[in-house]
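I opened this entry to look up a few things in one protein model. My notes follow in the order I took them.

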Amino acid sequence: MKDRTERWLVEELVAWAQDGDNAAQVAVMDAFTPLIRATASRYRHVAYEDALQEGYLSLLECTGSYNPARGVPFAAYAKSHVQGDVRTAMRRLWTVEARSVALQDYHLDDGSDWLGRSSGMAGVELRMMMEAAHLSPREAQSIRGQLMGLSCSEIAKEQGVSVETVKTWRKRAFRKLRKVWTE
């Protein structure tokens, strides 16, 4: 009996959230925080905060796209999508990190850098990708700093902002670059 009541309550909260009720959306987020944390904890050794953020974004998308007429409970729908979306995001993040590590070791014979200020193919491709993603100046600085091997705290100190701000820039930049790479 308790499960039916909880399921009904979640279904109602999702319906209210779809109708634009912010309090219902917050209640859905609170109800599914354990799922998101458990999913993100699988990636705690590499990118827990990124996985957590992707989980919450996925839950927001699930709330908006859920259709109860299909007969699938929201909890099952959300669990499937959150786990899949976080896994996909982590794989994309690892791809970006692998590319950045490869580019860090790339040096041109003429001594110019590979960040787009050279005639080398890697620099041109990177500059084109960053331009296509329409990165803000701060997002581009965070990506360039990371590709040069700087930590978030070093970039934050250099820019005079908090580490969390640099992480936000980086996450936004990765999201934009991910769109360009998957098109």
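**Arg178 and the helix it sits in**

I started with Arg178, which I found in helix H8, residues 163–182. The model is a predicted one, so I read each value below as computed from that model.

Is Arg178 buried or exposed? Its relative accessibility is 15%, and the cut-off for buried is under 20%, so Arg178 counts as buried. I then looked up its contacts, leaving aside neighbours within four places in sequence. Arg178 touches Glu54 and Arg92.

**Helix H8 against helix H6**

Next I looked at how H8 lies against helix H6, residues 137–147. The two axes come within 8 Å and cross at roughly 95°. Angles from 65 to 115 degrees count as roughly perpendicular, and H6 and H8 are therefore roughly perpendicular to each other.

I also noted which residues meet there. On the H6 side they are Arg138, Glu139, Ser142, Ile143 and Gln146. On the H8 side they are Val166, Trp169, Arg170, Arg172, Ala173, Phe174, Lys176 and Leu177.

**Helix H3**

Glu54, one of the contacts of Arg178, is listed among the buried residues of H3, so I went there next. H3 covers residues 48–65, which is 18 residues. From its first C-alpha to its last it reaches 26 Å, close to the 26 Å expected at 1.5 Å a residue.

Which residues of H3 are buried? I wrote down Asp50, Ala51, Leu52, Glu54, Gly55, Ser58, Leu59, Cys62 and Thr63.

**Cysteines**

Cys62 has a relative accessible area of 3%, so it is buried. Cys152 is buried as well, with a relative accessible area of 16%. I looked for disulfides and the structure holds zero.

**Aromatic rings**

How many aromatic pairs does the structure hold? I noted three. Tyr66 and Phe74 form an edge-to-face pair, with 5.1 Å from centre to centre and 85° between the planes. Tyr66 has a relative accessible area of 7%, so it is buried. Phe74 counts as buried because its relative accessibility is 0%.

Tyr66 also pairs with Tyr77: the ring centres are 5.6 Å apart and the planes stand at 50°, so this pair is tilted. Tyr66 lies in the loop between H3 and helix H4 (74–104), and Tyr77 lies in helix H4, so the pair ties together parts that are 11 residues apart in sequence. Tyr66 and Tyr77 are both buried. I closed this part with the cluster, in which ring pairs link Phe32, Tyr66, Phe74 and Tyr77.

**A positive phi**

Most residues other than glycine have a negative phi. I therefore noted His134, which is not a glycine and has a positive phi near 55°. Where does His134 lie? I found His134 in the loop between helix H5 (121–132) and H6. Its relative accessible area is 64%, so His134 is exposed.

**The whole protein**

Last, I looked up the totals. The secondary structure comes to eight helices and zero strands, and from the N terminus on the elements run α-α-α-α-α-α-α-α. The protein has 183 residues, and 39% of them count as buried. Among contacts between residues at least 6 apart in sequence, 58% join residues at least 24 apart.

Note on methods:
Residues numbered from 1 in each chain as written. Predicted model: local features only at pLDDT ≥ 70, side-chain atom pairs only at ≥ 80, totals over all residues. Heavy atoms only, no water. Helix = DSSP H or I, 4+ residues; strand = E, 2+ residues; numbered from the N terminus. Expected span 1.5 Å × (residues − 1). Buried < 20%, exposed > 50% of the residue type's maximum accessible area, 1.4 Å probe, protein only. Phe/Tyr/Trp six-rings, centres within 6.5 Å; stacked < 30°, edge-to-face > 60°. Contact = heavy atoms within 4.5 Å. Disulfide = S-S within 2.5 Å. Axes fitted to C-alpha atoms, helices over the stretch in contact; angles between N-to-C directions. Parallel < 35°, antiparallel > 145°, perpendicular 65-115°, else oblique.
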